[in-house]
Amino acid sequence: METLLIVDDDLSLLESLKMHFEDIEHDGAPRYQVVTATRAAEALRVAHEVMPSVVILDMKLPDRTGLDIIEEMKSLCGDARIILVTAFHDMETTIRAMKAGAFDYIHKPFPDLTALDIVVSRALEYRQLSRRAATVNVETAAARLGDIVGTSQLMQQLVKEIGKVAASRATVLIHGESGTGKELIARVIHNYSYDEPKPFIGINCSAIVDTLLESELFGHEKGAFTGANAVKPGKFEMAEDGTIFLDEIGDMSLMLQAKLLRVLQEREFERVGGVKRIKLRARVIAATHRNLVEEVSTSRFREDLYQRLKVITLQLPPLRERRDDIPSLVHHLLERINEKVHKRVTRVPPEVLAHLMRLPWRGNVRELENVLTRAVVLAPGEVLLADNLPALESNELEHGGGHVNGHPVHTNGHSLPGFLVAPIDDPSRIPTLEEAERMLIELTMTVTKGHKGKTCQILGISRPTLERKLQKYGVRQDQQV
């Protein structure tokens, strides 16, 4: 039901319009909740309380004109559409009204109310379109099932799970390393969950400081804090009955975790600085690269929130565990990259594909796309050249020799990560300390065939420390003995 505010000092007209709009039904239920005011001051107070979708505002009011308060009304109502009504045909005032932000400007007396009905309906339609255009921008690109590339067993199983998930409205938690495509999966779930377009609103919880993140999620009222000069709807409100995607939720502070838990439990929230309860209608999909079980065990993530989020859990495999999908991914990504950089690189020699399949891909599909983009930009013709791709590790290491932590290591064909054996001229390829540690542990476990004692000796750590780090980084059990 949409809230309609009608402001006019003509009491008979006010009552007539109120009765007219309250009688309009949509799908068997009243379409409008109608509130009224007769003075400008009262109109501003009511607008702040009820947050109308559309305002029908008379130009001549006892205390101020409609034109005088239109900016204040827009500030109080956020994205409400304001229709100015006047008994005078004044071209200059019409121009001023439209310039001030009025949605439309109509004259009375009304020969019939059909014209007014059309304007109000159009105002609601434009409000919905404007909300989506303002908040979706990049999100407007629909993710298709065809964007999930791969025929490996892991990907086939993932697609089956997505089909089951899309048939429900349950909360989904997506686990996966950075660059595995968590947001893509969320978009595919969203687009296959609805028969008609719905908003998909995403927010990266790690990219915004706490004080701003709360406002971004739940919105704020005017004056809620310094700089809050107008009412602002939050992401939960903008998502309407679509999907809110909370990326990197594992980085959310404990304070905001508590507030999010309450929202998920009560399916209601308030804007920062507000008291009005707003219904949560959107489906929640969350994603993280962190191991939330470990985060819970170390009290960095609330267990009750984790239980709320993991109604359905999807695990995205890293690229190194589905190398057979790399040729398909390369051809899929090349189509997109060629269009983006205005090139036509369409041929990939077998030796180049083999080279790509041997690289470690710490950054997963995102790193693969970045590498291909650079290669396409530098390619002189239509052939992707190995010269423009990252180099494999040294021949010595490829053939089984090398050192880790001062100990001789025979890798039996397993190459060390490039950052250990060769200088890096691209800062974006330098891993974090955690990434480097994980890769080194995985490599050493592979070299020792899962022998934990030898692994501890090579790495210079104790057995309990190794056990803790294996759990922290989620090293698969089949890598251990």
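This is a guided tour of one predicted model, moving from the whole chain to a sheet, some helix pairs and a set of charged side chains.

**The whole chain**

Begin with the full chain in a cartoon view, where 20 helices and 18 strands can be traced. If you colour by accessibility, 48% of the 481 residues count as buried. Among contacts in the chain with a separation of 6 or more, 70% are made by residues 24 or more positions apart.

**The five-stranded sheet**

Next, select strands E4, E1, E5, E6 and E7, which in the order E4-E1-E5-E6-E7 form an open sheet with parallel pairing. At its edges stand strand E4 (32–37) and strand E7 (104–107), and because each has a single partner strand, one side of each is left without a neighbour in the sheet. Looking along the sheet, you will find neighbouring strands turned against each other by 20° on average, with direction ignored.

Now narrow the selection to strand E6 (residues 81–86), which pairs with E7 in the parallel sense over four bridges, and with E5, also in the parallel sense, over five bridges. To see one bridge on each side, display Leu84 with its partner Tyr105 in E7, and then Val55 with its partner Ile82 in E6.

Is E6 enclosed or open to the surroundings? Six of its six residues are buried, so E6 is largely enclosed by the rest of the structure. With side chains shown, Arg81, Ile83 and Val85 point one way from the strand, whereas Ile82, Leu84 and Thr86 point the other way. Such alternation between the two faces of a sheet is what a regular strand shows.

Keep E6 on screen and add helix H3 (residues 66–77), which lies across strand E1 (2–7), strand E5 (54–58) and E6, and which runs at about 165° to E6.

**Two helix pairs**

Move on to helix H6 (residues 153–166) and helix H7 (residues 182–191), whose axes are 9 Å apart and which pack at an angle of about 45°. That angle makes H6 oblique to H7, and the crossing of the two is right-handed. The side of H6 to display holds Leu158, Ile162, Val165 and Ala166, which make the contact with Ile185, Val188 and Ile189 of H7.

For a second pair, select helix H8 (residues 210–218) together with H10, whose axes come within 10 Å and cross at roughly 15°. H8 is therefore roughly parallel to H10, and this crossing, too, is right-handed. From H8 the contact draws on Asp210, Leu213, Glu214 and Phe218, and from H10 on Met255, Leu256, Lys259 and Val263.

**Charged side chains**

Switch now to the side chains of Asp, Glu, Lys and Arg, among which the count of salt bridges comes to 30. A good one to centre on joins Asp251 and Arg290, with an N to O distance of 2.4 Å. This pair links distant parts of the chain, 39 residues apart: Asp251 sits in the loop between strand E12 (243–247) and helix H10 (254–266), and Arg290 in the loop between strand E15 (283–288) and helix H11 (292–297). Asp251 counts as partly exposed at 26% relative accessibility, and Arg290 is likewise partly exposed, at 29%.

From there, go to Asp304 and Arg302, whose salt bridge brings the closest N and O atoms to 2.8 Å. Asp304 is partly exposed, with a relative accessible area of 33%, and Arg302 is partly exposed at 30%.

Are the partners Asp325 and Arg322 buried or exposed? These two form a salt bridge with their closest N and O atoms 3.1 Å apart, and both of them are buried.

Then select Arg262, Glu266, Glu268, Glu270, Arg277 and Lys279 together, since they are best viewed as one group: salt bridges link them in a network.

**A last stop at Glu369**

Finish at Glu369, which is placed in helix H15 (residues 364–378). Why does Glu369 count as buried? Its relative accessibility is 18%, and the cut-off for buried is under 20%. Leaving aside residues up to four places away in sequence, Glu369 touches Leu333, Arg336, Ile337 and Lys340.

Terms used
Residues numbered from 1 in each chain as written. Predicted model: local features only at pLDDT ≥ 70, side-chain atom pairs only at ≥ 80, totals over all residues. Heavy atoms only, no water. Salt bridge = Lys/Arg side-chain N within 4 Å of Asp/Glu carboxyl O. Buried < 20%, exposed > 50% of the residue type's maximum accessible area, 1.4 Å probe, protein only. Pairing = 2+ DSSP bridges. Axes fitted to C-alpha atoms, helices over the stretch in contact; angles between N-to-C directions. Contact = heavy atoms within 4.5 Å. Parallel < 35°, antiparallel > 145°, perpendicular 65-115°, else oblique. Left-handed = near helix turned anticlockwise from the far one by under 90°.
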